[in-house]
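Subject: Handover of a structure for your review

Dear colleague,

Please find below the structure that I am handing over to you. I should be grateful if you would read the notes beneath it with the structure open.

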Amino acid sequence: MTALWESAADLAAAVRSGRRTAVSIATQALARARDVQARLNCFAEIAEAYALEAAAEVDRRADPGPLAGVPVAIKDSTPVAGLGMRSGSRAYADVVADRDAVVVRRLRRAGAVIVGKTTLSEIAYSSFCDSPLTGITRNPWDPARTPGGSSGGSAVAVATGCVTLAEGTDMGGSVRIPAAFTGILGLKPSSGRIPNDDQPSVVDDIAHHGLLARSTSDLARGLAVVSGPDPLDPLSLGVPEASLEPESVAGLRIAVSPDLGFFAVEPYVAERLEAAAAVLAAAGAVVTRGEPQWTREMAGAWVRHWHVHLAGLYGPELDRAGDGVDPRLRAIVAKARRYSAVDLKADERLRTRQWQRMAEFWTSADVLLSPTMSRTAVPVSEDDARYHGRTPDGRKHGLDLTSLFNWVPWCPALSVPAGAGPDGLSVGVHVVAQPYRDDVVLAVARTLEGTFGVPRPPEG
């Protein structure tokens, strides 16, 4: 079926001018979703009746909105009233949302049409995308590879032209990881930029709603629609307003780190990072070498925080589901329950030190440029456990370089394609900016996109 490769701006303009109807776009998106689903398993639910009814309502509006008729997908852990919210888990298999999350409400108000809910690892615990409930989601560039997680279904839906824009959640890279592995853009905005009203905890600030798209312009348009404070998320109330339009990178101080100081990174990834840095320098940025002096110890503390987050907020429901839960997730929950509250409070010293070093870093840089992942997409047969530990020379043998940035959640972070590795699979570079400067990461992404483009995967 024909993919939807048009931009959000073009689709919305076509609907507003009467050249296309939202119903015709939704019909095309749904057909494409069914075709891709059969090959790659990226949807937990294709919501045909829901989408067509919503599209018809957009067509009846006097003002259909800035995203008029634009097809979007929502991660299956984010509530959409009347649709399932299974979170990739048998523990939540029968849950139907009774309200829209703020991010969903704003997308719908802007005229976007939700065509379905996308797959994820069980309760978003993994950087892969498979679960006991929905099975394995596959990468459109090579179905034997993972698209990454946990928002892997959202990434595949965007990368294959089922939708123009997708929502994901990001607690340790769950938007940026699959963006890098599938060759699209994925944004973790500044904490509070998109209200996070639907999580079990609204005070644990590692969680973000993010967006995935095939272009910087689509990201910017979507972000403008869903941003702004909401009283249900106290962390959104003090976020400074900012222009979300990307401008020039000329004069930006960009510090490049190939490994954040302690990760093992494949040489071809470092080569693509250097190519990206050269593009930015040619565009007028002041490119130097630098990193925030973080440590492996900080990375370990983030993992403890994440495991306790999962056990504390989802443990009782997972217990009731018993053997229906992914055994790897059950092991994480059991391990997390052995930590004490004192252990976790002590980790806040490390997190404080991490921020202090980041704050010092920002006195001489506007942007940190590093790899998103240590390598290209890995086989679906692997799992996170393969990427724990250290290399013989003492470096961290990890898959992603994203998670520590959720411990400095005020800093926006974005993955953008920067060409391919020797296997032909996408390499993403990770763009991080000073707190609340979402416009800056978008500007860097737009510059890189102008050189490297956003590739379209082959039809399988």
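The following paragraphs deal with salt bridges, one helix residue and two pockets.

Please bear in mind throughout that this is a predicted model.

Salt bridges

Side chains of opposite charge can pair when their charged atoms come close. In this model the count of salt bridges comes to 31. Three of these pairs are described here, followed by a network.

The pair Arg304 and Asp347 forms a salt bridge in which the closest N and O atoms are 2.8 Å apart. Arg304 belongs to helix α9 (residues 296-321) and Asp347 to helix α11 (residues 341-361), so this salt bridge ties together parts that are 43 residues apart in sequence. The two partners also differ in exposure: Arg304 is partly exposed, with a relative accessibility of 24%, whereas Asp347, at 6%, counts as buried.

A salt bridge also links Arg328 with Asp326, and there the closest N and O atoms are 2.8 Å apart. Arg328 has a relative accessibility of 32% and is therefore classed as partly exposed. Asp326 has a value of 4%, which means that this residue counts as buried. Elsewhere, salt bridges with shared partners join Arg32, Asp35, Arg39 and Glu459 into one network.

In the third pair, Arg61 and Glu57, the closest N and O atoms of the salt bridge are 3.3 Å apart. Arg61 is partly exposed, at 22% relative accessible area, and Glu57 is partly exposed as well, at 34%.

The surroundings of Leu40

Leu40 is part of helix α2 (residues 22-40). Is Leu40 buried or exposed? Its relative accessibility is 3%, and because buried means under 20%, Leu40 counts as buried.

Which residues is Leu40 in contact with, leaving aside its neighbours within four places in sequence? The contacts are Ile136, Thr137, Arg138, Asn139, Pro140, Pro143, Val156 and Thr160. Ala157 may also be compared with Leu40: the two residues are 117 places apart in sequence, while their C-alpha atoms are 9.4 Å apart in space.

The two largest pockets

The largest pocket holds about 820 Å³ of space. Its lining is made up of 34 residues, and those nearest the centre are Trp302, Val303, His307, Asp384 and His388. By class, this lining has 14 nonpolar, twelve polar and eight charged residues. Helices α9 and α10 (327-336) each supply at least two residues of the lining of the largest pocket. The largest share comes from α9, with eight residues.

The second largest pocket holds about 330 Å³ of space. This pocket is lined by 19 residues, of which Ser77, Met85, Asp198, Pro200 and Tyr314 are the closest to its centre. The lining of the second largest pocket divides into eleven nonpolar, four polar and four charged residues.

Which helix gives the most to the lining of the second largest pocket? Helix α9 does, with three residues. Helix α9 thus recurs in these notes: Arg304, from the salt bridge with Asp347, lies in α9, and α9 also gives the largest share of the lining of the largest pocket.

With kind regards

How values were computed. Residues numbered from 1 in each chain as written. Predicted model: local features only at pLDDT ≥ 70, side-chain atom pairs only at ≥ 80, totals over all residues. Heavy atoms only, no water. Salt bridge = Lys/Arg side-chain N within 4 Å of Asp/Glu carboxyl O. Buried < 20%, exposed > 50% of the residue type's maximum accessible area, 1.4 Å probe, protein only. Helix = DSSP H or I, 4+ residues; strand = E, 2+ residues; numbered from the N terminus. Contact = heavy atoms within 4.5 Å. 1 Å grid on protein atoms, 1.4 Å probe; cavity = no way out; pocket = protein on both sides within 12 Å on 5 of 7 lines; lining within 4 Å. Points joined across faces, edges and corners; volume = space filled by probe spheres on them. Nonpolar A, V, L, I, M, F, W, Y, C, P; charged D, E, K, R; others polar.
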